[in-house]
Amino acid sequence: MNTYNPLQLVLFDANDIPGLIALSDSVGWDYDEFEITTVMLSGKIFGHKNAEGKIVSSAAITTYERNLASIGMVIVHENYRGLGLGKLATQKCIDSVSEHTAIMLVATKDGEPLYKKMGFTTVDYIHKHLADNYSRAKNFASHEWSLEDFQEPDFAAIVNLDAAAFGDQRSNFLKNRIQQSQRCIVVKDHQANIIGFGMSIAGPINLILGPIVAPDSQTATYILDALAKDHHGKLRMDVPSGHAEFTKFLEQSGFKKANIPPVMILHAEKMPARNNTLFAIAAQIFG
């Protein structure tokens, strides 16, 4: 590496997607064109380019509609580590929103010390689960709910359920995520009220299950089964703390806990109020 190369901190656009995929690949992460496009449509990605125009760092911020944002995709190419690029890109994300906006992130082991120095504090944990294949644990025939594929008139109800579960309204992100999804389903009660929903996202390695919002663990397992039962291959779910019964079902269905990264927050002392109905997050980058 030529240490005299100027490194420019920039805002990336759609033309930079191939370079961002290459940066992700360089550290063993699996961001693809569809995921990065959703990030760009829902927020901003900053980072550094070297003198040859190669992307050597990144950090993304997704902004929601009230008072919350989420940072993720903090990557530095191994040849450019030790220069503070990750901190600079992350700070650029922080500076792009109001100081009154609470900013959350799910920290990697390597990133956690940096975020602590920047003022982030740990407020929760995410339980990352992986499966080589989904093993259907039981028959899910139910007379309590009806399960249907998402239709446009369902959108307002999904936004409201998600806002109560997540702690902020994020209609723009959900619109983009539904468009990206392999499948989006809703669960309705006997009065045809939407009481839960879930999405599956086809990634390069895993079928990502989430967000899943449900009134209870039984409904959440029903949604999970509908999304996973026809998939042959690897799956991933990121589950917030506090869902022991649901986690037990995952373990019976072939999932294994990979790690438990911390959820950290800046500009707030705790997470926004949630109603304990978020059984799987969309992805760590989106909080």
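Two strands are said to pair if DSSP finds at least two bridges between them. In this predicted model, strand β10, which covers residues 207–213, and strand β11 meet that condition, for they pair in the parallel sense over two bridges. Within this pairing, L207 stands opposite L235 in β11. The two strands also belong to a right-handed β-α-β unit, in which helix α7, residues 217–228, is the helical member alongside β10 and β11.

Strand β11 has another partner as well, since six bridges join it to strand β6, residues 121–131, and here the two strands run antiparallel. On this side, K128 stands opposite D238 in β11.

With these partners in view, we can turn to how β11 itself is covered. In a regular strand the side chains alternate between the two faces of the sheet. In β11, L235, M237 and V239 lie on one side while R236, D238 and P240 lie on the other, and the residues of both sides are all buried. The strand, which spans residues 235–240, is therefore mostly covered, with six of its six residues buried, that is, each under 20% relative accessible area.

A second place to look is R177, which lies in helix α6, residues 171–180. Is R177 buried or exposed? Its relative accessible area is 0%, so R177 counts as buried, the cut-off being under 20%. Leaving aside residues up to four places away in sequence, R177 touches E35, T38, M199, I201, A282, A283 and F286. In addition, the side chains of R177 and Q180 are joined by a polar contact of 2.8 Å.

Terms used: Residues numbered from 1 in each chain as written. Predicted model: local features only at pLDDT ≥ 70, side-chain atom pairs only at ≥ 80, totals over all residues. Heavy atoms only, no water. Buried < 20%, exposed > 50% of the residue type's maximum accessible area, 1.4 Å probe, protein only. Helix = DSSP H or I, 4+ residues; strand = E, 2+ residues; numbered from the N terminus. Right-handed = clockwise from strand over helix to strand, strands pointing away. Polar contact = N/O pair within 3.5 Å; in protein donor to acceptor, adjacent residues only side chain to side chain. Contact = heavy atoms within 4.5 Å.
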